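Visitor: Please pick one part of this model, look at it closely, and then carry on from there through the rest of the chain. I would like every term explained as it comes up.

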Amino acid sequence: MCGIVGYIGDKEAYPVLIKGLERLEYRGYDSAGTALIDDNGGLHVYKTKGKVADLQHYCADKDVTGCLGIAHTRWATHGEPSSVNAHPHYSESGNLAIIHNGIIENYADLKKKLQEKGLTFRSDTDTEVLVQLVEYIQQKKHLDLLTSVQLALHEVIGAYAIALIDKREPHQIIAACRQSPLVIGVGNNEFFLASDASPIIEYTDKMAYLEDGSIAVMKQGEELKVVDVLNRELFQKIQTVDLELGQIEKGGYPHFMLKEIFEQPECITNCMRGRINVEATNVTLSAVIDYKRQLLSAKRIIIVACGTSWHAALIGKQMIESYCRIPVEVEYASEFRYRRPVISSDDVVIAISQSGETADTLAAVKLAKQHNCFIYGICNAIGSSIPRATDTGSYIHVGPEIGVASTKAFTGQVTVLTLLALALAKEKGTIKEETYLSIVKELSLIPEKMKETLQLNDRICALSRIFTYAKNFLYLGRGFSYPVALEGALKLKEISYIHAEGYPAAEMKHGPIALIDSDMPVVVIATRNAMYEKVLNNIQEIKARKGKVIALVSRGDDEISKIADEVIELPDTQECLEPLIATIPLQLLAYHIAVCKGKNVDQPRNLAKSVTVE
């Protein structure tokens with residue numbers, strides 16, 4: 001979703017802002033812009049449709065001096081992508097400029113009222129309504145910018161992260177957030193502002209994550225001031241963030257996605273570090289130790305998530321039900337929040353989100369809170385909104401994920417869900433000791449088996465060239481592999497724009513088999529497990545209809561290898577851990593097909609990394 005950057009200090013702001021926007025390009029956007037106050041108090045707004053590079057080209061002959069500025073990458077919600085609708089937006093007088101991430105739900109009513117008072121609007125956006133409202137209050141009541149923002153936000157319904165500057169108050173930036181993230185970097189006589197830590201970490205590791213309802217006042221040479229809309233001063237914790245610049249750079253890889261696929265062995269090691277003992281005989285999760293009573297007394301677990309996180313949740317459901325014997329429901333957060341779910345204080349709700357800012361998942365958490373559910377968060381971004389809103393939880397610790405199509409976050413989420421299931425099962429006494437020990441031992445070996453699987457990259461790259469012609473793909477799996485089929489299909493359509501569907505293999509005969517012909521590639525996860533013979537029968541049915549089969553099989557398979565068109569051999573592992581291995585070839589297949597088709601792998605069209613608005 002949209003990216004926000006701001007700077008006030010001794011440096012020239014424009015280079016800091018442009019570099020920050022480049023760091024945020026992974027979030028997805030269609031236009032970019034910046035507003036600067038020069039040393040003479042002049043306010044300059046430059047914006048354009050397209051990429052940050054287009055903005056730089058547009059600004060090449062413009063005055064970009066000044067030590068205070070805000071900048072923005074927009075992902076269109078209200079109003080089509082255009083230079084007019086791009087942020088920042090001016091107030092009618094030209095004194096104020098605003099950038100905004102989120103949606104003002106009552107913007108139409110506010111706009112109508114302001115138009116009735118004689119104000120005119122340049123754009124189709126909800127954001128311009130907010131800056132016009134701030135100025136209207138400011139002029140009518142002769143107030144300063146902070147007070148005007150506070151009063152304006154009283155009237156606003158919706159989610160927002162905003163930053164405003166006023167050329168008449170040229171030494172401050174006002175920022176505010178509600179249900180949309182904002183991070184302030186605290187430097188030496190300077191402040192940085194951003195949607196996440198990635199644009200800031202180059203300059204400081206001291207950061208403040210604003211809570212919902214916070215309004216921050218950044219003035220050069222003064223302490224950070226944080227208040228609410230009633231002007232009550234709020235305590236703001238400033239923390240040291242452990243993030244290295246190299247984690248948000250490509251490090252020699254052509255795309256972030258490929259880098260992040262190859263980072264998975266190290267990421268999963270980091271995810272398990274301190275949670276599996278050196279002997280690989282025990283799992284320890286602090287959240288399970290600290291909240292044992294609440295977790296073990298659950299009558300039911302409800303997992304809420306979106307997209308890739310939802311697929312991870314399906315694997316978590318099977319792990320928890322198989323080993324903890326607790327019923328689990330997996331819900332799309334967007335559906336859960338808008339119906340009347342039957343939930344009670346006996347339920348535990350697990351919320352999964354890579355960013356920790358997914359709007360629908362955060363709203364589902366708040367709904368569950370209203371029903372007094374115990375809430376467990378599984379996130380990657382430390383200090384994000386969902387971890388702050390939940391009772392406890394576990395971070396996946398896979399490092400920043402820049403590619404829009406999630407890869408290492410998926411395997412990190414599956415790993416944490418596996419650890420959670422094992423820890424709960426051990427406490428409940430619902431898992432045999434030998435089963436527990438064998439899974440823990442095998443889980444500790446997964447990073448090495450991931451490395452083995454990544455050695456298939458060149459083979460999958462060559463294989464991908466055969467299938468760039470395809471307009472449709474079918475992915476099939478059973479048991480623990482069914483969610484992997486869903487995830488593989490999602491990766492392909494996200495970045496290559498090929499239509500793909502994932503199905504339980506047994507359901508093929510209930511409709512999808514009608515699509516099978518010589519032009520339909522079918523990816524089948526057919527490792528040697530309890531369902532092997534049944535999946536083998538499915539493959540034979542596909543081949544009888546001239547379908548092209550790409551089979552993921554266990555190493556040394558000599559049956560499916562004879563009938564499939566292409567075979568990818570995987571290291572052996574326990575069935576419940578197969579998703580951690582089988583997902584890697586599907587990530588690579590999607591990546592290489594997209595590259596062969598010349599697609600923008602890291603920034604696929606119409607998609608945003610973090611969906612912070614509905």
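Guide: The part to begin with is helix 1, where Ala-13, Tyr-14, Val-16, Leu-17, Ile-18, Gly-20, Leu-21 and Arg-23 are buried (under 20% relative accessible area; exposed is over 50%, and partly exposed lies in between, using a 1.4 Å probe and protein chains only). The model is predicted, and local features need pLDDT of at least 70, side-chain atom pairs count only at pLDDT 80 or more, while totals for chains, interfaces and linings use all residues. Residues are numbered from 1 along each chain as its sequence is written, and side-chain values use heavy atoms, with hydrogens and water left out.

Helix 1 spans residues 13–23, and with 8 of its 11 residues buried it is mostly covered. Helices (H or I, at least four residues) and strands (E, at least two) are DSSP runs, numbered from the N terminus. The cover over the buried residues of helix 1 includes four strands and a helix: strand 1 (3–8), strand 2 (31–37), strand 4 (68–74), strand 10 (191–194) and helix 2 (52–59).

Two of those strands lead to backbone details. Pro-88 sits in the loop that runs from strand 4 to strand 5 (89–90), and the peptide bond that joins His-87 to Pro-88 is cis, with omega near 0°. In the loop between strand 9 (183–186) and strand 10 is Asn-189. Asn-189 is not a glycine, yet its phi is positive, near 60°. With a relative accessibility of 33%, Asn-189 counts as partly exposed.

Another residue with positive phi is His-142, which is also not a glycine and has phi near 55°. His-142 belongs to the loop between helix 4 and helix 5, and its relative accessible area of 71% makes it exposed. The two helices on either side of that loop meet. The axes of helix 4 (residues 126–141) and helix 5 (residues 145–154) come within 9 Å and cross at roughly 120° (lines fitted to C-alpha atoms, for helices over the stretch in contact; angles run from 0 to 180 degrees between N-to-C directions). Helix 4 and helix 5 are therefore oblique to each other (under 35 degrees is roughly parallel, over 145 roughly antiparallel, 65 to 115 roughly perpendicular, the rest oblique). On the helix 4 side, Leu-130, Leu-133, Val-134, Ile-137, Gln-138 and Lys-141 are in contact (heavy atoms within 4.5 Å) with Leu-145, Ser-148, Val-149, Leu-151, Ala-152 and Leu-153 of helix 5.

A second helix pair lies further along the sequence. Helix 15 (residues 433–454) and helix 20 (residues 578–596) have axes that come within 9 Å and cross at roughly 25°. That angle makes helix 15 roughly parallel to helix 20. Helix 15 brings Leu-443, Ile-446, Lys-449, Met-450, Thr-453 and Leu-454 to this contact, and helix 20 brings Leu-580, Ile-581, Ile-584, Pro-585 and Leu-588.

Leu-443 appears again in the largest nonpolar core (a set of buried Ala, Val, Leu, Ile, Met, Phe, Trp, Tyr and Cys residues joined through side-chain atoms within 4.5 Å), which has 95 residues; Leu-443, Ile-301, Ile-350, Phe-473 and Tyr-475 touch the most other members. Helix 14 (residues 408–428) supplies the largest share of this core, 12 residues. Apart from this core lies another, of 30 residues, and it leads back to helix 1: among its members are Leu-17, Leu-24, Val-52 and Val-183.

Phe-473 deserves a list of its own. Beyond its neighbours within four places in sequence, Phe-473 is in contact with Phe-467, Leu-492, Ile-498, His-499, Ala-500, Glu-501, Met-520, Pro-521, Val-523, Ile-550 and Ile-593. Pro-521 is also touched by Tyr-469, together with Ser-518, Asp-519 and Lys-548, again not counting residues up to four places away in sequence. Tyr-469 lies in the loop between helix 16 (457–464) and strand 20 (472–477), and at 37% relative accessibility it counts as partly exposed. Between the C-alpha atoms of Tyr-469 and His-78, 391 residues apart along the chain, the separation is 36 Å.

Helix 16 also holds Leu-463. At 2% relative accessibility, Leu-463 counts as buried. Its contacts, leaving aside neighbours within four places in sequence, are Ile-550, Glu-566 and Ile-568. Leu-463 and Val-330 are 133 residues apart in sequence, and from C-alpha to C-alpha they are 34 Å apart in space.
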